Amino acid sequence: MKLAAGRIKKPAYGAIILLWMIAPLFIGKYWTDVLNNVAIYALLGLSLNIILGYGGMFHMGHAAFYAVGAYTTAIINTAWGVPVLWLMPAAGLAAGLFALVVARPIIHLRGDYLLIVTIGMVEIVRIALINNVFGITGGANGIFGIDSPSVFGFQINGIVAPAHYFYLVTAFLAITIVLFYLLENSRFGRALKFLCSDEVAAEGSGINTAGYKLAAFVIGAVWAGMTGTLYASKMGFISPESFSFWESVVMFMIVILGGSGNIAGVLLGAALIIGLPEIFQGLQQYRLLIFGLALMIMMIFRPQGILPPKPRSYPIDKLEKNEVSL
Amino acid sequence: MSLLQVDNLTKRFGGLLAVDNVSFAVPEGAVFGLIGPNGAGKTTVFNLITGNYEPNDGSVSFDNRDITARPTHWIVSAGIARTFQTIRLFANMAVIENVLAGCHCRLRSGPVASMLRLPRQHKEERQALAKSMAELEFVGLLDQADNLARNLSYGNQRLLEIARALASDPKLIILDEPAGGMNELETAALVSLIARIQARGITVLLIEHDMSLVMKACEQLVVLEYGKKIAGGPPAEIKKNPLVIEAYLGSDDEDF
Amino acid sequence: MEQFFTQLTNGLAVGGIYALIALGYTMVYGVLKLINFAHGDLFTIGAYLGLTLLTSLALTDHIGGLAGVLLLAVMAMGLVGIIGILLDRAAYKPLRTSPRLSAVVSALGASIVLSNTVMLVYGPSTRVYPQGLLPSQVFYIFGLPVPVMRFVILAASIVLMIGLYVFIQRTKIGTAIRAAAIDQDAARLMGINVDRVIMLVFFIGPALGGAAGVMVGLYYGQITFTMGWTYGLKAFTAAILGGIGNIPGAMVGGLLLGVIEALGATYISMAWKDAIAFFVLILILIVRPTGLLGERVAEKI
């Protein structure tokens, strides 16, 4: 049984990747745009997964980092005309620095307190954006006229030609998945999972838990910030509305419902939470009600999510006999 | 010469004086025991040494360095590893992964090296894995490497905690009731394991209620009662000390 | 001076409302160590049920303004209390033995469900409370004007808080609640029906929240289905400020936060009014996570 499941897993993943890659050829503009949104939220979910999934920190203010990235992109691009894709590192850096500053004092807070404080953080950021802080965020109206991305001189307009944008965001998603997979299966990912499992034991085993928590926040924020660049350049304008507390809840649900700590689970979560409401358009007004119920029911029957991570296994049979000695 | 030196250590919890002006020195290479009736403050002393608690007064020095109230992970890197009285394993992870946690502070690869899968990182991981397997072999859990930690028997979970502590290459290992929940056979094996740890040149500091184990394994003892040190010396002397006898008779003489 | 006094009384009135909501958070946290994220939405439901009762039963026409409002508030409290018990049954009871964070996620889900149910039933637009139910006169203290409304709101919340305090401190059931808050297992061994205590806590807390909802309707005259979120977060801040789990702390924290917010909005910046509570919250959690009246406890290792 187990063997059979293992044997179909690889072809199944292959088929899904292939379908994803060719989908824009067959579906219209509208549905391609839905896929673009799924990809953006998948990126946000994966970045939150580092903090929430591996690190086990109940962070519900991820939209704040996303906002910092998007606004950094919008401000620099509209002021000095720097090409948007060049601004991805800047956006990531800004969000990462922001995370470093705000996460440092709150990192030691226990689960539910951390949740509340991060909600407070994202609300303060939103209010700051509305109040046109430093006179550069454009207030409640936001910022207009952000350039489309261009790759080797080829303009990618996310609104007019969603299929072009699709391949851009898919490329970034693919890179992210590979990098995060390697990160998960490394000393770094292991340390996060240790501290998530038992913080006292992790610290007592020699892991700098505060440092790793902060690092998780920063890496998650950097990625959310870079995703902010993609979002801003796709829409052409951004406003505080797009980074409300509700956005944070959506990212949180993607991780928790999909499978906290599992990349495939987060991807599935993004597809379900962003994609399903589009399919059931008639039920639009019940969407949130259903999400809420789903959260409650999941916690009772499957608190680890639809696709929870499996315990990691190690290639111990590949070790030579003479390597194993004190 | 002493590896660990505890001077006038004091810890209060609200109105309770949990540790009261306790001093002792653990010589390098020794097996050293900390005993006393329940609630005497033994585990609190351990938590003060390992930086889990900050003392109200007094100091801890290790290897001629002051380590008072340093962060726990820093103290582990400095060479003090510990096990916990209530077992604290990473229950849903493989046995081998639990041991790798101990290796952590001896490895260097950061997130960037991992994301780029540098050869150095790859090699380091392989060495850590081999080292962890060797520690499992040392405590006798090699055949359980793939099993999940929560599936181990109670006694084996205690051994796994020891393997995890050893994997950090400590100079001093602190064992908090290592025989707790073990049967006689397992306890006897533990005595020889402690001797083998000592033979590796690692100093051992332990809390234990099983007096036969303490008498067999330890070269030196310190006795605590109500947070105060009431006696110290080799087991044979401690056994005859009237203060100690009274402390134990006053609570539970069964242990003695 | 007059402005200061106006804002002070305004802050106290709003603070009384925060305090009433905060009591619900603090009581549930005290017994279950759970942040009931849906509590703010129970407050919203109180406001909406109050409106329905007010318009459909026309109470105030039959028995006069103040008495009608009083009766209305009691009915709304009872109904919201029952909803509170049902909420516990559906969202929290199945998770008593699960990790705490599962219950937090479930609470979040419940909050979404409740606020969207209100939206589906009453519609997404702002609803207006009938005017003129409470006296709109202004009276003068030392020559400074205070609307009677503020006084009534503050007095009502103080009466409810004192009532709760006496109930918790002086009655046998109150003692059972305090015992369960300290150690559930020990309380159970002493013959206290802890399940009953939890049920009671999930009745009283939401009932007080429901009362606060009616007060907001009367005070501001309009209610929206999303207001539970803001009020809930602010009341939670108040509970933390006073030390969560601590009943007098919630009262002090509520009044304090109301005043801080009113004065901050006037003297610092109106546009940042809503952010003030969050700044206070973050600051207090960083500096003194156990609140002003709470005490520090070391983690057992």
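Biologist: What makes chain B and chain A count as being in contact, and how many residues of each take part?

Modeller: In this predicted model, two residues are in contact if their C-beta atoms lie within 7 Å, and by that test 38 residues of chain B are in contact with 33 residues of chain A. On the side of chain B that touches chain A, the elements that give two or more residues are helix H2 (72-78), helix H3 (95-103), helix H4 (111-115) and helix H5 (119-139) of chain B, and H5(B) gives the most, with six residues. Sorted by class, that side of chain B has 20 nonpolar, eleven polar and seven charged residues.

Biologist: Chain C also touches chain A; which element of chain C gives the largest share of that side?

Modeller: Here 33 residues of chain C are in contact with 29 residues of chain A, and two or more residues each come from helix H5 (100-122), helix H10 (227-242) and helix H12 (273-287) of chain C. The largest share, 14 residues, comes from H5(C), while the classes on this side of chain C are 25 nonpolar, six polar and two charged residues.

Biologist: How do you know whether chain A is as compact as a globular protein of that length?

Modeller: The radius of gyration of chain A is 20 Å, and the globule rule gives 20 Å for 326 residues; the two are close, so chain A is as compact as a globular protein of that length. The C-alpha trace of chain A spans about 65 × 50 × 45 Å along its principal axes, and 52% of the 326 residues count as buried, which means that 20 or more other C-beta atoms lie within 10 Å of their own. Chain A has twelve helices and two strands, and of its contacts with a separation of 6 or more, 77% are between residues 24 or more positions apart.

Biologist: Why is Phe134(A) called buried or exposed?

Modeller: Phe134(A) has 8 C-beta neighbours inside 10 Å, and because a residue is exposed if that number is 12 or fewer, Phe134(A) counts as exposed. Phe134(A) is found in the loop between helix H5 (111-130) and strand S1 (150-151) of chain A, and its phi is near 60°, a positive value in a residue other than glycine.

Biologist: Where in chain B is Asn64(B) placed, and why is Asn64(B) called buried or exposed?

Modeller: Asn64(B) lies in the loop between S4 and strand S5 (65-66) of chain B, with a positive phi of about 65° although it is not a glycine. Since the limit for an exposed residue is 12 or fewer, the 9 C-beta neighbours inside 10 Å make Asn64(B) exposed.

Biologist: What makes strand S1 and strand S2 of chain B a pair?

Modeller: Two strands pair if there are at least two bridges between them, and S1 (residues 2-13) and S2 (residues 16-27) of chain B have eight, in the antiparallel sense; Leu4(B), for one, has Val26(B) in S2(B) as its bridge partner. The two strands form a hairpin with two residues between them, and Gly14(B) in the turn has a positive phi of about 60°. By the test of at least two bridges, S1(B) also pairs with strand S4 (residues 57-62) of chain B, which it joins in the antiparallel sense through five bridges, and there Gln5(B) is matched with Ser61(B).

Biologist: Why are strand S6 and strand S10 of chain B called edge strands?

Modeller: Six strands of chain B form an open sheet in the order S6-S7-S8-S3-S9-S10, with mixed pairing, and S6 (80-82) and S10 (228-233) each pair on one side only, as edge strands do. Within this sheet, four bridges join S3 (residues 31-35) to S8 (residues 203-207), which run parallel, and Leu34(B) stands opposite Ile207(B) in S8(B). Helix H7 (residues 184-199) of chain B packs on the sheet, touching S3, S7 and S8, and its direction makes about 145° with that of S8(B).

Biologist: How do you know that the span of helix H6 of chain C is close to the expected one?

Modeller: The expected span is 1.5 Å times one less than the number of residues; H6 (residues 148-170) of chain C has 23 residues and reaches 32 Å from its first C-alpha to its last, close to the 33 Å expected. The buried residues of H6(C), among them Ile153(C), Leu160(C) and Ile168(C), pack against helix H1 (2-32), helix H7 (172-182), helix H9 (194-220) and helix H11 (247-267) of chain C.

Technical notes. Residues numbered from 1 in each chain as written. Chains lettered and ligands numbered in written order. Predicted model: local features only at pLDDT ≥ 70, side-chain atom pairs only at ≥ 80, totals over all residues. Nonpolar A, V, L, I, M, F, W, Y, C, P; charged D, E, K, R; others polar. Axes fitted to C-alpha atoms, helices over the stretch in contact; angles between N-to-C directions. Rg over C-alpha atoms; globule rule 2.2 N^0.38 Å.
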